[in-house]
Amino acid sequence: MPTSPSEPQESFDLAVIGAGPAGLAAAVTAAELGLRCALLDAGPRPGGQYYRHPAPGLKAAHPEKLHHGWGIFTGLSARLKRQTDLGRLTYLTEHQVWTAETGEGWRLHATTGPGGSGGTAVVPAAAVLLATGAYERQLPFPGWTLPGVVTAGGAQAMLKAGLVLPGKRIVVAGSGPLLLAAASSLVSAGASVPAVVEATDYLGYARGVTTLAANPAKLVEGAEHGAKLLRHGVRLRRSSAVVQAHGTDRVTGVTIAKLDRQWRPVPGTERYLACDAVAIGHGLVPQIELATELGAETVELGDGTVGLRVDAELRTSLPGLWAAGETCGVGGADLAVAEGELAARVIAGREVPGGLRARQRRRRAFAGLMAAAHRPGPGWPEWLTPETDVCRCEEVSVAKIREAVDDLGAGDARTVKLLTRAGMGWCQGRMCGAAVACLAGGGAPRADSRPLAGPVRLGDLAAVPADDPTY
Amino acid sequence: MSGARQTPASLVGARPEAAHIIEFDGREIPALPGQSIAAALWAADILAWRTTRVEGRPRGAFCGIGACYDCLATVNGRPNQRTCLLPAQPGDTVTTQEGHGRADLAI
Ligand code: FES
């Protein structure tokens with residue numbers, strides 16, 4: 001039943017947005033501490049992208065085979081079920097929050113149903129915790145729009161949820177720890193992975209020996225992926241990138257090349273790899289637009305992305321708004337769980353145990369090390385050709401963007417966008433934003449600014465009351 | 001290694017109920033209960049079900065999580081549906097979406 005936006009609703013002490021590791025941990029902790037709590041998530045099942053798992057209809061006996069730390073998730077799920085059964089926690093699935101208003105407390109506006117196809121809902125709450133996670137950063141290359149070229153996270157997501165693969169022989173490429181995790185689940189599921197093509201040289205990690213030593217679990221996780229890849233004969237090619245995907249209707253192979261320290265392809269090092277799919281990604285971008293729309297302060301992170309600025313208690317600069325997990329900088333599920341719990345304790349006015357605080361700090365330090373190690377080098381645009389589409393939605397080529405910058409004097413991503421329509425299509429720049437900003441040469445990264453954090457129908461927008469202070 | 005290759009379903013010990021049928025451009029495609037339309041198409045080795053507005057290039061699922069909009073198709077007459085988010089329902093009719101689809105933009 002669609003809920004009309006004006007329908008009065010119970011107000012919650014806390015609304016948590018996102019049911020991934022951070023949001024789940026926050027919501028169950030808050031509910032257990034006695035807060036009346038709502039948990040909103042765009043998906044039909046808890047877990048977020050990290051703990052994405054097969055739909056119940058697929059009757060998977062061993063979903064843990066595709067996961068790291070599955071026990072943490074089943075623990076959180078059991079607590080979620082208990083708190084919802086007791087009526088202390090309201091879990092709102094398929095609720096995509098597209099805007100938040102603040103004044104006397106908070107009002108969250110959401111679309112409902114699969115892909116937002118249902119109605120709308122408004123959830124009032126005294127405090128909000130943003131645990132919306134991240135989406136993948138993409139750097140374009142010639143041929144990246146061919147069918148069969150998919151995001152590394154997308155390959156993972158389709159595998160975990162739908163038990164399908166985009167091909168049989170999949171090149172995994174880009175940068176960041178997600179690549180090893182993706183390659184490792186792809187080979188487990190029967191794909192062959194001729195190579196993991198990683199743009200960094202991993203030397204960045206050497207600068208953080210003490211941080212590494214303080215996070216043995218992270219090292220073990222990396223070693224486990226590495227061992228599995230070795231067993232399956234997967235080659236790790238460091239300081240290399242896919243510089244072109246070949247094919248007409250679908251990908252048939254890639255050219256990879258060595259990169260120098262600036263991520264410029266080294267001429268003469270190209271080699272061809274046959275494949276029928278490519279899984280590509282360059283780390284993750286915190287998904288924070290609900291907060292930045294309202295003016296929350298941000299920080300530049302070591303990998304060149306932007307996250308929310310929070311204090312040691314995970315408060316953002318906006319009163320009553322907290323953030324946890326990837327929204328404060330990408331750092332993995334364990335950090336997200338620690339931060340969700342920490343924030344919930346603070347919001348409930350409880351003591352934060354010293355052990356929890358220490359774990360959060362250690363994992364945050366590791367996140368910083370990881371971010372710096374995989375920061376894209378400035379030379380990557382050298383693998384582009386003038387015809388390469390940068391914006392997938394609006395089909396805006398490198399040549400058009402360079403024309404906007406060189407001939408028309410656009411000095412930042414915003415002007416480029418206005419002149420070329422790059423980033424103005426369906427995905428609102430989520431896929432091309434990082435690349436456009438870099439090609440525009442606009443200096444330091446800025447937080448994405450989108451009027452709406454998710455797709456919403458004009459009718460739903462029109463239904464927001466006229467005296468709504470947000471509009 | 002010997003024996004049959006691992007598949008995603010064998011890896012997780014999935015024993016789904018029988019597949020149902022959806023129609024894609026007049027072809028019958030099996031879909032397992034719970035699979036999204038995009039997943040059912042991938043399982044049938046179909047990677048593209050949309051052509052772009054300007055160049056008419058083929059596209060299919062890219063991000064798999066609802067963020068990129070490359071996986072749009074017309075589903076049961078409704079254009080611009082993100083097939084990676086839509087569970088395949090028995091009897092669904094999916095058609096390749098050309099250009100910008102026909103509906104009002106949903107944004
Ligand atoms: S594949 Fe990106 S929205 Fe469906």
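Modeller: Let's start with a term we will need: a polar contact is a pair of N or O atoms within 3.5 Å, and within protein one must be able to donate a hydrogen and the other to accept it. Please keep in mind that this model is predicted.

Biologist: Thanks! How many residue pairs are in polar contact between chain B and chain A?

Modeller: There are 15 such pairs between chain B and chain A, with both residues at pLDDT 80 or more. On chain B, the side that touches chain A draws at least two residues from each of α1 (8-11), α2 (37-43), β4 (58-59) and β6 (78-82). The largest share, four residues, comes from α2(B). Sorted by class, that side of chain B has 31 nonpolar, eight polar and 11 charged residues.

Biologist: What gives the size of an interface?

Modeller: It is often given as the accessible area lost when the parts come together. Here, chain B and chain A bury about 4600 Å² between them, and 62% of that lies on carbon and sulfur atoms. The contact takes 50 residues from chain B and 56 residues from chain A.

Biologist: Why is the pair Arg250(A) and Asp45(B) called a salt bridge?

Modeller: The cut-off asks for a side-chain nitrogen of Lys or Arg within 4 Å of a carboxyl oxygen of Asp or Glu. In this pair the closest N and O atoms are 3.2 Å apart, so the pair of Arg250(A) and Asp45(B) meets the rule. Across the interface of chain B and chain A, the rule finds four salt bridges.

Biologist: Now to chain A. Why is Lys218(A) called buried?

Modeller: Buried means under 20% relative accessible area. Lys218(A) has 18%, so the word applies. This lysine is found in helix α7 (residues 216-231) of chain A. Leaving aside its neighbours within four places in sequence, Lys218(A) is in contact with Gly331(A), Gly332(A), Arg363(A) and Phe366(A).

Biologist: And why does Ser11(A) count as partly exposed?

Modeller: Its relative accessibility is 36%. Since buried means under 20% and exposed over 50%, Ser11(A) falls in between, and therefore counts as partly exposed. Ser11(A) is found in the segment before β1 (12-17) of chain A. Ser11(A) and Pro124(A) are 113 residues apart in sequence, yet 4.8 Å apart in space, C-alpha to C-alpha.

Biologist: Back in chain B, what makes β1(B) and β2(B) count as paired strands?

Modeller: Pairing needs at least two bridges. Strand β1 (residues 20-24) and strand β2 (residues 27-31) of chain B have five, in the antiparallel sense, so they count as paired. The two form a hairpin with two residues between them.

Methods
Residues are numbered from 1 along each chain as its sequence is written. Chains are lettered from A and ligands numbered from 1 in the order in which they are written. This is a predicted model: local features need pLDDT of at least 70, side-chain atom pairs count only at pLDDT 80 or more; totals for chains, interfaces and linings use all residues. Side-chain values use heavy atoms; hydrogens and water are left out. Contact means heavy atoms within 4.5 Å. Buried area is the accessible area (1.4 Å probe) that two parts lose on being put together, summed over both. A polar contact is a pair of N or O atoms within 3.5 Å; within protein, one must be able to donate a hydrogen and the other to accept it, and residues adjacent in sequence count only if both atoms are side-chain atoms. Ala, Val, Leu, Ile, Met, Phe, Trp, Tyr, Cys and Pro count as nonpolar, Asp, Glu, Lys and Arg as charged, and the others, Gly among them, as polar. Buried means under 20% relative accessible area, exposed over 50%, partly exposed in between (1.4 Å probe, protein chains only).
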